[in-house]
Amino acid sequence: GQYVASLVNDGDCIQLGIGGIPDAAAQALMTKHDLGIHTEMIGNSMVDLIEAGVVTGNKKNVNRGKVIGGFAMGNRRLYDMLDNNPGIELRRGEYVNDPVIIAQNDNFVSINTAMCIDLGGQVCSESIGSRQYSGSGGQVDTAVGALHSNGGHNIIAVKSIKHTKQGVVSSINSQLPLGSVVTLSRNDLDCVVTEYGIAYMRGRTVRQRVDNLIAVAHPDFRAQLRKDAERLMLW
């Protein structure tokens, strides 16, 4: 969350995806000022930001002063805040997730998570191998909208490892597991955040991408990732 927060400035307009990592990022944003929100899902973590006065929307280019969302999912506190609140508008997905609309807000920051990422920067956010696990949602829409926003960028934040029935596995892989769905193209990825730092991807060569991603992978997997990169001639 702290690494993500370091990429968000006062006055930025943010989008938060679903899950514990975006929620952690929201808590790390509590020291920011005049943030705006334009997001597919309004969740519990946003209540804290709004009630603390962190979110004002005063710097937004469109829908100034308003929190814009497509739907809300959370606890009773969230729904009570939404009830008859003139500062929040729920709109159709064709508006909320339109990259053209998103890009009209300067300094738009899209914050999402993923299942796994390969060393080239391809992001799988919806399948475990060939088995569909989730959906793509608005991740691509918001990520692309952020890239076209003046001063905007997108972030994919993941824990460096996952605990599975087969044991501990790395979230950063030399290649995506066979059958994995590529949710976000490597061409549209701006940066990857793990608990080990920030890997900048936009405008980087393949070798720089590989180096940057290995640097934020879990230390137990870095040596193998380097060997895989050599074997696959990624650098």
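This is a short dialogue on reading sheets, helix packing and ring contacts in a predicted model.

Biologist: Let's begin with the eight strands that form an open sheet. In what order do they lie, and what is the pairing?

Modeller: Reading across the sheet, the order is 4-3-2-1-5-10-14-15, and the pairing is mixed. From one strand to the next, the twist averages 20 degrees.

Biologist: Which strands stand at the edges of that sheet?

Modeller: Look for strands with a single partner. Here they are strand 4 (88-90) and strand 15, so each has one side left without a neighbour in the sheet.

Biologist: How do I read the pairing of strand 14 with its partners, strand 10 and strand 15?

Modeller: Take the direction and the bridges together. Strand 10 (residues 153-157) runs parallel to strand 14, and three bridges join them. One pair to find on screen is Ile155 with its bridge partner Cys191 in strand 14. Strand 14 (residues 191-194) pairs with strand 15 (residues 197-200) in the antiparallel sense, over four bridges. There, Thr194 has Gly197 in strand 15 as its bridge partner.

Biologist: And through how many residues does the hairpin join strand 14 to strand 15?

Modeller: Two residues make that link.

Biologist: Which strands does helix 3 touch where it packs on the sheet?

Modeller: Helix 3 touches strand 1 (13-16), strand 2 (36-42), strand 3 (67-72) and strand 4. The direction of helix 3 makes about 160 degrees with that of strand 2.

Biologist: Helix 2 also meets helix 3. At what angle do their axes cross?

Modeller: For a helix pair, read the distance along with the angle. The axes of helix 2 (residues 20-28) and helix 3 (residues 44-51) come within 9 Å and cross at roughly 10 degrees. Angles under 35 degrees count as roughly parallel, so helix 2 is roughly parallel to helix 3.

Biologist: Which residues meet there?

Modeller: Helix 2 brings Asp23, Ala26 and Gln27, while helix 3 brings Ser45, Asp48 and Leu49. By class, this contact has two nonpolar, two polar and two charged residues.

Biologist: What about the sheet with the order 7-6-13: how many strands form it?

Modeller: Three strands form this open sheet, again with mixed pairing. Strand 7 (123-124) and strand 13 (172-173) are at the edges with a single partner strand each, so one side of each is left without a neighbour in the sheet. Strand 6 (residues 116-118) and strand 7 run antiparallel and are joined by two bridges. Ile117 has Val123 in strand 7 as its bridge partner.

Biologist: Now for the rings. How many aromatic pairs are there?

Modeller: The count is zero when ring centres must lie within 6.5 Å to pair. For charges over rings, look at Arg91, which lies over the face of Tyr95 at 4.5 Å from the ring centre. Likewise, Arg222 lies over the face of Tyr196, at 5.3 Å from the ring centre.

How values were computed: Residues numbered from 1 in each chain as written. Predicted model: local features only at pLDDT ≥ 70, side-chain atom pairs only at ≥ 80, totals over all residues. Heavy atoms only, no water. Axes fitted to C-alpha atoms, helices over the stretch in contact; angles between N-to-C directions. Parallel < 35°, antiparallel > 145°, perpendicular 65-115°, else oblique. Contact = heavy atoms within 4.5 Å. Nonpolar A, V, L, I, M, F, W, Y, C, P; charged D, E, K, R; others polar. Phe/Tyr/Trp six-rings, centres within 6.5 Å; stacked < 30°, edge-to-face > 60°. Lys NZ or Arg CZ within 6 Å of the ring centre and 35° of its normal. Pairing = 2+ DSSP bridges.
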